[in-house]
Amino acid sequence: MAERGEGPEILRPARWSYILLTLAVAVSANLLALPATAQVLRPDLLALTLIYWVVYHPRRLGFLPAWLLGLVMDVSNGTLFGQHALAYAVLMYLSVLLHRRIVMFGMIQQMLHVFAILIAGQAVMLVVRLAAGDVFPGVFFFVPSVLGALLWPALFALIRMPLRPRPGADVA
């Protein structure tokens, strides 16, 4: 965010190559092999990255890339096919629906909105799993949403870093 007393931060436009790079890094982070205990606590960085791009650049990323990335996550994780794709479509819808509201708030309120969006996505995945005959995994199933919301400020700052104007550059 901008310093006190300044107006809103003006960023350089995001190039497609940069958007694709952030999505590729998020997919790679989601695919990292972790011990079983850490696997349960891993936030969905791809979901967070998708939320960022939809909230702050709503016309740059649509439902199709999110759906396809969800299918990639389903295949790579060996989960029920379409589970992540459907959850990411719900995430995209809620992010598009709330994007004007989210950008007006401070970071704490943004974290609460992101938490609600992540919980909705996880609820969709839970309903799909339960409908397929799986057992309820317990309350710890929702811990990644809490951790994802807590990571929102860091992801926000990290994605925006290359988009900030360089010091000394002409801002015409």
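Author: A residue is buried under 20% relative accessible area, exposed over 50%, and partly exposed in between, with a 1.4 Å probe and protein chains only. This is a predicted model, in which local features need pLDDT of at least 70 and side-chain atom pairs count only at pLDDT 80 or more, while totals for chains, interfaces and linings use all residues. Residues are numbered from 1 along each chain as its sequence is written, and side-chain values use heavy atoms, leaving out hydrogens and water.

Reader: Why does Arg129 count as partly exposed?

Author: Arg129 has 25% relative accessibility, which lies between the two limits, so partly exposed is the term. Asp134, at 37%, counts as partly exposed too.

Reader: What makes the meeting of Arg129 and Asp134 a salt bridge?

Author: Their side chains come to 3.2 Å, N to O. A salt bridge needs a side-chain nitrogen of Lys or Arg within 4 Å of a carboxyl oxygen of Asp or Glu, so this pair qualifies. A search of the whole structure finds 1 salt bridge.

Reader: Why is the pair of Tyr18 and Trp53 called edge-to-face?

Author: Of the 8 aromatic pairs found in the whole structure, the one between Tyr18 and Trp53 has 6.0 Å centre to centre and 80° between the planes. Rings of Phe, Tyr and Trp (its six-membered ring) pair if their centres lie within 6.5 Å; planes under 30 degrees apart are stacked, over 60 edge-to-face, the rest tilted. Both values therefore fit the term edge-to-face.

Reader: What does this pair tie together?

Author: Tyr18 lies in helix α1 and Trp53 in helix α3, so the pair ties together parts that are 35 residues apart in sequence. Helices are DSSP runs (H or I, at least four residues), numbered from the N terminus. Tyr18 and Trp53 are both buried. Ring pairs also link them with Tyr52, Tyr56, Trp152 and Phe156 into a cluster.

Reader: How do you know that α7 reaches close to its expected span?

Author: Helix α7 (residues 143-160) has 18 residues and reaches 26 Å from its first C-alpha to its last. The expected span is 1.5 Å times one less than the number of residues, which for α7 gives 26 Å. Among the buried residues of α7 are Trp152 and Phe156.

Reader: Which residues touch the most other members of the largest nonpolar core?

Author: They are Leu46, Leu50, Tyr52, Trp53 and Trp152, out of 33 residues. Helix α3 gives the most to this core, with 10 residues. Such a core is a set of buried Ala, Val, Leu, Ile, Met, Phe, Trp, Tyr and Cys residues joined through side-chain atoms within 4.5 Å.

Conventions: Helix = DSSP H or I, 4+ residues; strand = E, 2+ residues; numbered from the N terminus.
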